[in-house]
Amino acid sequence: LNIALDLQNAGMVQFDVSDITGRTVLSFNEAANSGVNNMVYDLNSAAAGVYQLRLTVGNNATSQQIIVR
């Protein structure tokens with residue numbers, strides 16, 4: 001999984017990955033600098049399927065569906 005974040009300010013990013021039942025399969029925090037941050041995460045241990053990725057920085061959050069094959 002490759003993620004590119006463009007942040008105005010440095011801060012902690014909360015990553016949460018949930019399966020289709022809503023069960024969290026991966027959750028962690030990572031420090032990110034201001035500007036563009038390229039992050040790579042290994043999801044090879046995850047079963048094939050559809051997951052929901054939620055990224056939270058401060059009071060801002062976004063989510064996206066991801067597919068693991």
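Start with the open sheet: in this predicted model, four strands line up in the order E3-E2-E5-E6, with antiparallel pairing. Select strand E3 (24-32) and E6, and you have the edges; each has a single partner strand, so one side of each is left without a neighbour in the sheet. Now turn the view to compare directions: neighbouring strands of this sheet are turned by 20° against each other on average, direction ignored.

Next, move to the inner strands. Select E2, residues 11-19, together with E5: the two run antiparallel and are joined by seven bridges. For one pair to look at, pick Ser18, whose bridge partner in E5 is Gln52.

Keep E5 (residues 49-57) on screen and add E6. Here the antiparallel pairing extends over nine bridges. Follow the chain from one strand to the other and you will see a hairpin, with two residues between E5 and E6. Click on Gly58 in that turn: its phi is positive, at about 60°.

Which residue of E6 stands opposite Val50? Select Ile67 and you have found the partner. Ile67 lies in strand E6, which covers residues 60-68. Is Ile67 buried or exposed? With a relative accessibility of 56%, Ile67 counts as exposed, because the cut-off for exposed is over 50%.

For the last stop, leave Val50 and Ile67 selected and add Ile20. These three residues form a nonpolar patch on the surface. Show the surface of the patch if your viewer allows: together, Ile20, Val50 and Ile67 have about 310 Å² of accessible area.

Notes: Residues are numbered from 1 along each chain as its sequence is written. This is a predicted model: local features need pLDDT of at least 70, side-chain atom pairs count only at pLDDT 80 or more; totals for chains, interfaces and linings use all residues. Side-chain values use heavy atoms; hydrogens and water are left out. Patches are made of residues with over 30% relative accessible area and no salt bridge: like charges are joined within 9 Å, nonpolar side chains (Val, Leu, Ile, Met, Phe, Trp, Tyr) within 5 Å. Accessible areas come from the Shrake-Rupley method with a 1.4 Å probe; for residues, only the protein chains shown count as cover. A salt bridge is a side-chain nitrogen of Lys or Arg within 4 Å of a carboxyl oxygen of Asp or Glu. Buried means under 20% relative accessible area, exposed over 50%, partly exposed in between (1.4 Å probe, protein chains only). Two strands pair if DSSP finds at least two bridges between them. Axes are lines fitted to C-alpha atoms, for helices over the stretch in contact, and angles run from 0 to 180 degrees between N-to-C directions.
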